[in-house]
Amino acid sequence: MDDPFVQERRSMVNDQIRSRGITDERVLVAMEEVPRHLFVPPDMERDAYRDHPLPIGHGQTISQPYIVAGMTALLQLKPGDSVLEIGTGSGYQAALIAGITGRIISMERIPEVARRAEENLIRAGIHGVRIVISDGTAGYPEEAPYDAILVTAATPTVPPPLLSQLADGGRLVAPLGDRSIQHLVRITRHGDEFVRETFEPVRFVPLIGEYGWQNEDL
Ligand code: SAH
């Protein structure tokens, strides 16, 4: 396919991601391959590879490339892993993860946002992403357990159903904190034990649902 952004994508990976210490080759390769410009509104294509998040409508955002890369690297993915994402948004991060593992289930609460993500994935020629329109704070028990669970919206606590849907040895990554600032955390399950590590500060739109925040304007 004719892709005018190949060079910009290479620069994004080198200047924003590799240079900041992300070394997971699978993540770097996926970021070089997935056409991020097809996951932003058409009038913002030119800005798709810049070092910041962008609005995608309905008050939602596509995260900064470095944050997407960092969260994906924290999941320590390998081909064949079963993955659940909460917060499809543009579908971009789901596309990256499908490129690494082969498949992902991604949950989105806003139907119009989910439909746009479906369109983006088709235009980008990405297979392996299944979008479920529902409150993701309850997880998706039908396909549990998951080797990796990614929450891409800010939450005050990790929704308990997500912890129970994590496989033994599975990793969950989420932005944990209040409405204005969160920290990335990774929780790794060892049997009945959940080990938590805390990483850098981030700012995400809120996770709204039964086990997240109750409404949008608190
Ligand atoms: N991962 C996305 C960015 C996510 S933005 C990307 O790559 O573009 C956060 C998304 O989470 C928004 O689209 C928002 O509607 C969604 N969201 C918020 N609460 C949710 C919930 N309880 N279940 C599913 N999706 C939710």
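The following exchange between a trainee and a mentor goes through a predicted model, its ligand site and some of its backbone features.

Residues are numbered from 1 along each chain as its sequence is written, and side-chain values use heavy atoms, with hydrogens and water left out. Local features need pLDDT of at least 70 and side-chain atom pairs count only at pLDDT 80 or more, while totals for chains, interfaces and linings use all residues.

Trainee: How many residues surround the ligand?
Mentor: A residue counts as near the ligand if one of its heavy atoms lies within 4 Å of it. The closest are S90, E108, D135, G136 and I208. The number of residues around the ligand is 25.

Trainee: How do the residues of that shell divide into nonpolar, polar and charged?
Mentor: Ala, Val, Leu, Ile, Met, Phe, Trp, Tyr, Cys and Pro count as nonpolar, Asp, Glu, Lys and Arg as charged, and the others, Gly among them, as polar. By that scheme the shell holds 10 nonpolar, 11 polar and 4 charged residues.

Trainee: Which residue has a side-chain N or O atom 2.6 Å from an oxygen atom of the ligand?
Mentor: A polar contact here is a pair of N or O atoms within 3.5 Å; within protein, one must be able to donate a hydrogen and the other to accept it, and residues adjacent in sequence count only if both atoms are side-chain atoms. Nitrogen atoms of the ligand take part too: one is 3.1 Å from a side-chain N or O atom of E85, and one is 3.1 Å from a backbone N or O atom of G87. For the ligand oxygen at 2.6 Å, the side chain belongs to S90.

Trainee: What share of the ligand's area does the protein bury?
Mentor: Accessible areas come from the Shrake-Rupley method with a 1.4 Å probe, and for residues only the protein chains shown count as cover. Taken alone, the ligand exposes 580 Å². The share buried by the protein is 99%.

Trainee: Which element gives the most residues to the shell around the ligand?
Mentor: Helices (H or I, at least four residues) and strands (E, at least two) are DSSP runs, numbered from the N terminus. At least two shell residues each come from β2 (60-62), β3 (83-86), α4 (92-101) and β4 (104-108). With 3 residues, the element that gives the most is β2.

Trainee: How many residues of α4 are buried?
Mentor: Buried means under 20% relative accessible area, exposed over 50%, and partly exposed in between, with a 1.4 Å probe and protein chains only. The buried residues of α4 include Y92, Q93, L96 and I100. Just after the helix, G102 takes a positive phi of about 100°. α4 is mostly covered, and the buried count out of its 10 residues is 9.

Trainee: Why is helix α3 described as largely enclosed by the rest of the structure?
Mentor: The helix spans residues 65-74. Its buried residues include P65, Y66, M71 and L74. It is largely enclosed because the buried residues number 10 of 10.

Trainee: Which residue just after α3 takes a positive phi of about 50°?
Mentor: Most residues other than glycine have a negative phi. The residue in question is not a glycine and lies in the loop between α3 and β3. At 45% relative accessibility it counts as partly exposed. It is Q76.

Trainee: What is the relative accessible area of H58?
Mentor: H58 is in the loop between β1 (54-57) and β2. Its phi is positive, about 55°, although H58 is not a glycine. H58 is partly exposed, with a relative accessible area of 48%.

Trainee: Which peptide bond is cis, with omega near 5°?
Mentor: Most peptide bonds are trans. The proline of this one, P145, is found in the loop between β5 (129-133) and β6 (146-151). The cis bond runs from A144 to P145.

Trainee: Which residue has its backbone nitrogen 2.8 Å from a polar side-chain atom of Q182?
Mentor: Q182 lies in strand β8 (residues 182-190). It is buried, with a relative accessible area of 0%. The backbone nitrogen at 2.8 Å from the Q182 side chain is that of F204.

Trainee: How far apart in space are R9 and V34, C-alpha to C-alpha?
Mentor: R9 lies in helix α1 (residues 6-17) and is buried, at 4% relative accessible area. R9 and V34 are 25 residues apart in sequence. Their C-alpha separation is 8.8 Å.
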